[in-house]
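These are my notes from a session with the model open on screen. I looked up the domains, then a sheet, two helices and the contact between the chains.

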Amino acid sequence: MEADQQELWPGWLATSERCLYVPGEETVVVADLHLGYEGVLRLEGVAMPRYQGDRIMQRLQRILDRYRPRRVVVNGDFKHEFGKNLQMEWREVGAALDFLSRRAEVVLVRGNHDNFLKTIAARFEVPVVEEHRMGEVTIAHGHRPVAGEGRVLLAHEHPVVRLRDEVGALLTLPCYLYDREVAVMPAFSPLASGTDVSTAEREDLLSPLLRSRGLDSLRVVAVSGLGLLDFSTVAGLSRASHRR
Amino acid sequence: MISYATQEYADRDIYELLVPEVRDWFRAKYGTFTPCQRYAVKEIHDGKNTLISSPTGSGKTLSAFLAAINELLLLAKKGQLEDKIYVLYVSPLKALNNDIERNLEEPLRELYRQHHIPDRMRIGVRTGDTSQKERQQQARRPPHIFITTPESLAIVLNAPKFSQKLQEVRWIIVDEIHSLADNKRGSHLSLSLERLQQGMRRKPIRIGLSATISPMEDIARFLAGARRTCLVVDVTSAKKTDIQVLSPVDDLIYTPASEASSALYDTLHRHIVDHRTTLVFTNTRSATERVVFNLKQRHPELEGAIEAHHGSLSREVRIDVEERLKNGELRCVVSSTSLELGIDIGYVDLVVLLGSPKSVTRALQRIGRSGHFLHETSKGRILVLDRDDLVECTVLAREAKKGRLDRIRIPRDPLDVLAQHVVGMALQQQWGVEEALRVIRRAHPYRNLPKKDFQRLLHYLAGEYEELEGQKVYGKIWYDQEEQRFGRRGKMVRPIYYLNLGTIPDEVAVKVYTADRHFVGKVEEPFAERLKPGDIFVLAGKTYEFVRSRRLRLVVKPRPEAQPTIPSWFSEQLPLSYDLAREISAFRRTAEQKVRSGYTDGLAPAIVGYFREQLHFGVPHDRRVTVESFEQDEFRHLIFHTLVGRQANDALARVAAHRLANTKGLNARLAITDNGFDVMYARRHGDLSDGDIAALLSPDGLRDDLQSALKNTEMLKRRFRHVAARSFMILKNYLGHEMSVSRQQRHAAVLFKVVQEIDPYFPALTETYREIMEDTMDIDHAEEFLSLLSRGRIALEVIRRGMPSPFSFNIMAVGASDIVLMEDRRAFTRQMHQQVMEAVHGG
């Protein structure tokens, strides 16, 4: 029931570190880091202390030490501000890229927040691509329709399961979603809020691809303090919540 | 240093002080002085800080102004009135400010018409509604009497030119001080007054005007400031009060709801018809709407003669209602709290309270709105709605007759309010930390402010560890830790201060639409959160059924014929005070003895019946607490009959639930009322031993447990938004952009998570806990109560009868007030996963 890793597709492992690990390709995939989030809030008038940068770096370090990948793919939304690069982003995205590119080949898949990522990435000679293909899998952020054959690995949605017990207590856990064709990654950012998969209506979904397919058939694997927890499918979860 | 006025001066003594013009005018207009004027005018004239507590219509306002007007006229006669402010008048209500201006203008006009006086005396009002043009005029030619609100005062303190005109203020009058002292608006004002006085050569005289309130000494200290003297003039007993408790039906439990409701409206209607003007107080805004709706429906002839008045109505509607009330055009106005304060409402000969006003002080303040002249008796009728209400109001009326008021509590060291003033102070000049602390500690609420808390606040406000683009928002002051000095930083801060100061939190208003997208109105978020599909409620005088909600939008359908089924709007309800709760528990003991012995003289039959039914379960009273344990549906209920008022109960309930959650490894739902609380949990976890139940009420570690209990609650998150906005952590208005309340809420949630993790002593976090534990809840009385319990002064009995007692019904009816989670998140996760998977596979 509780595990550290779970295979989504042959050779593609979901981990409790909110990254995918592909041993055959010596590759790790993370998504939705949203570095610079605090800076964006500050520009809106919120006195937000710095928080994410150090925590994200520590977690990346742990992942790299553990899996020793040859390649790291960031599946979009590395940074948070759409419209420009904040000083904070130059520093934090720069530090993360510096660290990652010293230890592995880095591929940046562009997310909807990454409009100005290229200028930072260029300093480290790291490419920013729309999609990245690995075997039969297309890695794409998911804010735009994905063309092509085979399996698709998305991010963007920040999926979470929100569960309510009999007295009304709420538990929210980030989760992976997957079936044979599509998988969705949880957000790496500790501050990102997400889409609750068991109550979301189709029109609430952010990804065109998910909007067209719906979530019902997807399996749910949640990231928790106990490791990964299998919660059957989205359809199963909503049935269960009606039954209780 | 607080003393009571004992010298009642004769007319002659007071007239002697007045210039002839004022003396003649007064004599012609009033003939003689009222009691509060006899005690106060001479003392104020002699330069003493004075707090005046006196009923409506007793000449209170004039007693405060008379000495000042007299002096100003003397100067005006000599042509020596200078271009500066002599009198500063502050009241919490804009409407009251306009009243006061009118009431001063009139006599002055008469004086100037009858006499040749070279200098004009100018009066000026400044509130949030004052136009730019008027403000500029005031800066050029300052009014001699300046009338304002606490918020506008804080703004003018930082206006470079205008604040100069305040430098020689001689009289400061704070009106309706009872409505300020126990909340953060009052804390805010207390700091403004110290900032104003700081550096003045001649200290102004402070005069406070208050309705019935207790303890008077604390209000006097609040008015005068720490370690200053103040004279109290208390003539509240001068007006007679006639209070009766009425039950519309004889049997408060077996009468069918529709019949009881009819009887209630019949009784109400009878009273309205028998009087000239009736003011009805309900305890909630929604009830206000409901009562008006029902009265109009049952008595169509009242259409146009009865209106609602509450804070959710637009300003225009409220002013219109006030005007018509004043002109005697209305037979009845139904209000929640909005008409409690002293705006002039004309002639009211009856006040009806629907349901218990929950405190003796509030009952007397509300009832005091009737009988406008001093010699008239205030007439109040309390209509009770259920049996708990009957018991409560019976005791309340008795206490009111004896004049035993509940005590208010003044918030201690609210750091969010202080944050605003520190920014304001920094804008004015550079400060040494010690020097600033001296000024701040002169304000009564901050008299014991620890230096460490102040330094932490400076550290937060300086935000020096952030990079440049962050500092624009983050750093609001410059702070040198070495030198222990602080001062202004940057040009952005002044507009931030002006646009964000104030203490009243924005509430998230949820918009209500019909399915075909017609806008119906707004309701407050806590109310919206509680609605279930099918609930029927009244909005803007019409009934609607709740269909569904989507983010900050409710969808309803009109149900014109349906009977409203509004669930109790608990967050909005007034809490029963501790003092009154203790009186009620003592009454319960006497009533129990009477019912046991069969001698029930002086007890209403409904009370006798109620207590007789309760005997089987034990009657909880001031020397015995009962806890009922039983199962119902899928829950086990532990009902604690702790009659200590809702604020103390709130603290007790969370502590008990928190301890239970952690010893048993479960999550609990809470229902909290004035009379006790219900802790519910899934029945599979089983019952507790008597010892385990007693341990839930141990006084050891109360404060720490309460703080941990609050950690994951919705309440803490919501309050954190308020505190963050007050501390300028979330700017509601930044660079000309208004931040929507829902956006504030989302940002506050993130901010809360971060702050909690990086620094448990972050000022906004400390203040959120303090505000909840000390202001919203009543941790001190909770502690006192638990200590009595542990020393055996109050006995604890666990009752297991397999079903709830009659006293439990109203506690269970609340449903849910909050959820308390076990701290072990892994265990919670495991249980939840297990449960969900069982449901997934089970069928």
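Entry 1, domains. I took the centres of domain 1 and domain 5 of chain B over C-alpha atoms and found them 44 Å apart. The bounds, which come from an automatic or database domain assignment, put domain 1 at 2–238 and domain 5 at 616–726 + 735–823. Between them in the assignment I noted domain 2 (241–402), domain 3 (415–504) and domain 4 (509–572).

Entry 2, ground rules. I am working with a predicted model, where local features need pLDDT of at least 70 and side-chain atom pairs count only at pLDDT 80 or more, while totals for chains, interfaces and linings use all residues. Residues are numbered from 1 along each chain as its sequence is written, and chains are lettered from A and ligands numbered from 1 in the order in which they are written.

Entry 3, helix H25 of chain B. Helices (H or I, at least four residues) and strands (E, at least two) are DSSP runs, numbered from the N terminus. H25(B) covers residues 646–664, and I checked its length: at 1.5 Å a residue, times one less than the number of residues, its 19 residues should span 27 Å, and the end C-alpha atoms are 26 Å apart, which agrees. I call a residue buried if 20 or more other C-beta atoms, placed from the backbone, lie within 10 Å of its own. In H25(B) 16 of the 19 residues are buried, so the helix is largely enclosed by the rest of the structure. Just after it, Gly665(B) takes a positive phi of about 65°.

Entry 4, sheet. I traced an open sheet of six strands in chain B, in the order S29-S23-S24-S26-S25-S30, with mixed pairing. S29 (795–799) and S30 (818–820) stand at the edges with a single partner strand each, so one side of each has no neighbour in the sheet. Two strands pair if DSSP finds at least two bridges between them; S25 (668–672) and S26 (677–682) of chain B have four and run antiparallel. Ala671(B) stands opposite Asp678(B) in S26(B).

Entry 5, contact with chain A. Which helix gives the most to the side of chain B that touches chain A? Counting contacts as C-beta atoms, placed from the backbone, within 7 Å, I have 41 residues of chain B against 32 of chain A. H33(B) gives the most to that side of chain B, with 11 residues. S25 and S26 of chain B are among the elements that each supply at least two residues.

How values were computed:
A residue is buried if 20 or more other C-beta atoms lie within 10 Å of its own, exposed if 12 or fewer, and partly exposed in between; C-beta atoms are placed from the backbone. Two residues are in contact if their C-beta atoms, placed from the backbone, lie within 7 Å.
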